[in-house]
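Got the structure open in your viewer? Let's take a short walk through it, one selection at a time.

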Amino acid sequence: MITRLLVANRGEIARRVLATCRILGVETVAVHSDADADAPFVAEADQAVRLPGNTPAETYLRIDLILDAARKAGADAVHPGYGFLAENAEFAAAVTDAGLTWVGPPAKAIAAMGDKMAAKALLADAGVPMLPTWTDADEITDFPVLVKASAGGGGRGMRIVREAAGLAEAVASARREAAGAFGDGTVFVERYVERGRHVEVQVFGDTHGTVLALGERDCSIQRRHQKIVEEAPAVLPDGVRERLHAAAVAAGRAVGYVGAGTVEFLLAPDGEFFFLEMNTRLQVEHPVTEAVTGLDLVRLQLLVAEGDPLPLTATPPVTGHAIEVRLCAEDPGQGFRPATGTLHRFAVPGVVGEFAPTRGLRLDSGVVDGSTVGVHYDSMLAKLVAWAPTRAEAARLLAGALARAELHGVTTNRDLLVRVLRSPEFRAAEVDTGFLDRHDEVFAPLLPPNGVPLAALAAALASAAARRSTATVLAGLPSGWRNVPAFPQVTRYAGQHGEIEVRYRLDRAGTLAEWSTHPMTGDDSGDNTPAVTLVGATPDRVTLDVDGVRRAFRVHRVGSAVFVDGPDGAASLAELPRFPLPTVELAAGSLLAPLPGAVARVHVEVGQRVAAGDLLLTLEAMKLEHPVLAPTDGVVAELPVPAGGQVDTGAVLAVVNPEEAPR
């Protein structure tokens, strides 16, 4: 029986495993990098062991350090979570060889499924349907195709190629990314199915020969081939569910599977499906299966690891519908560029449970107020899951909670997720892996440009209320009040739609006597502003009557940053100084680092002529490659950072002198 479990992972999955262990009375041990020393999962474990360093290669990928941590803390079992070493057969064998209980499938099964080409051959013999696959790029004549990493998953090392001309670079890029993420740069190529759906089956096996399907999930909505919306059960044509489950069980039996695993399939529009891969671990999206079955999959993992039989003999009945979204620190409008910074506030309304099967809203989060989002790990902050009796109700519940969440300090994909859940196509279950490519409208922020003036006014009024709350002289008068009003109060902000100036005046009774906003572009004509009456203002809440409709705004200020959450969406504003300091003027054509990282490769030389869109260099951050492209035709004038150099946000990566147009 397991008495003390070491969790060889971090973030929300570590917290998820710890939560079940507390319920079962199992003592816990966390391991952590220096960057994660103050993370919530470290505080929640009974013991914690430091892994010196910050990067995954220095810490969470070090088998020797993790086994040493287990020895120091007296752990008798290891749970790998997902990611990092979860699908590393060498790690599973090392844990077992050290006399510890491994909470996962046998090393032999991990190895068999870890080599995707070998897995395809093995499962094809077991009757599982397969896509045409190539290992030699010269043999490919039919496009489009998908380049995939043989090791690992999570969308890394995957590239869609629609023409032969782009195949060589796609293969080279996929190899680099796969090598960096998994330590193995082997790739292969599959036929790409247009309008295909990503449907997967949760399987579970025990040491007594039982392998069961515990239902399926639709994970079709993806960015960068990585899932961001998942649901259970999948909406499937008649007869497909039974065949999917049977194929998944056949795959599990073919490798003698034990523990939790997922068999992933690509479902074509005609109802045919094909094997993609088998993930030999717990999946990120496992909470939707827990929600509709009522099972605690981590509990089942521990029972099976202890040698007990599965406490069920058939696929469990499904109740209701569950949808999960991955809330990530990234900017969808900038190609899903990862974001970093301090999460000043992280609050989701209506949550009824965390890290366990829940009816209603469930939150599995790796962060709390004040958490730092760095560059070393994946960008996912949390998973929000909604269960309801019907799919439509679950989507509405989830979208509403996301829209009202307070997410301050780090750019997230929240608005994109809300728009996806509320889109007519999603409501009609018309989803596939190319959903985001076809629906540009979901990338628009929830707060439209014409909603920013009211948000800025609310920010200014809250700031005025904060100043008066600390006043010691004539505290009963509103901020900026004069016996002879001549000039309004003026506050300037920078926001997602540029800079804006708010002008307002309060009378002696604190009533909003006048207000206007002006874009700071030299045009002083002012915007068309609705009739607004100030109902009430405190430092953190402003209520306005707008054309006869009362609207409440929540305001949170951190230094010069002001976060406003209103009925139409959220605004992140930065109050500009009244007397700005001089700034350093950058050379024309400067390309700046969008986030901290390392320059992986430099593809050009100083003096080289480039065309708009040419690849200049590649920045590596948060386990992904980020291309830096020439903004215009011109000549490379500067390359201040060599390959391997570390940069902070805003650092100059290159300078391209624009090519003058002929006269």
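**Stop one: the sheet**

Keep in mind that you're looking at a predicted model. Start by colouring the nine strands that make up an open sheet with mixed pairing; going across, the order is β14-β13-β10-β11-β12-β15-β23-β21-β20. Now pick out β14 (273–279) and β20 (351–353): these are the edges, and each has a single partner strand, so one side of each is left without a neighbour in the sheet. Turn the view a little and compare neighbouring strands: on average they are turned by 30 degrees against each other, direction ignored.

Next, zoom in on the β14 edge. Its pairing with β13 (residues 259–267) is antiparallel and spans six bridges. Show Leu267, and you'll find it opposite Phe273 of β14.

**Stop two: the helices on the sheet**

Select helix α8, residues 240–254. This helix packs on the sheet and touches β10 (197–205), β11 (211–223), β13 and β14. Its direction makes about 110 degrees with that of β11.

Then select α9, residues 286–293. Helix α9 lies across β10, β11, β12 (226–232), β15 (321–328), β21 (361–365) and β23 (380–388), and runs at about 155 degrees to β15.

**Stop three: the cores**

Which residues have the most contacts inside the largest nonpolar core? Select Leu5, Leu6, Phe41, Val78, Phe91, Phe204 and Leu214; the core itself has 59 residues. Apart from this one lies another core, of 41 residues, including Leu343, Val373, Ala382 and Leu436.

Finish by centring on Phe41. Beyond its neighbours within four places in sequence, Phe41 has contacts that include Asn9, Arg15, Leu18, Val31, His32 and Tyr60.

How values were computed: Residues are numbered from 1 along each chain as its sequence is written. This is a predicted model: local features need pLDDT of at least 70, side-chain atom pairs count only at pLDDT 80 or more; totals for chains, interfaces and linings use all residues. Side-chain values use heavy atoms; hydrogens and water are left out. A nonpolar core is a set of buried Ala, Val, Leu, Ile, Met, Phe, Trp, Tyr and Cys residues joined through side-chain atoms within 4.5 Å. Buried means under 20% relative accessible area, exposed over 50%, partly exposed in between (1.4 Å probe, protein chains only). Contact means heavy atoms within 4.5 Å. Two strands pair if DSSP finds at least two bridges between them. Helices (H or I, at least four residues) and strands (E, at least two) are DSSP runs, numbered from the N terminus. Axes are lines fitted to C-alpha atoms, for helices over the stretch in contact, and angles run from 0 to 180 degrees between N-to-C directions.
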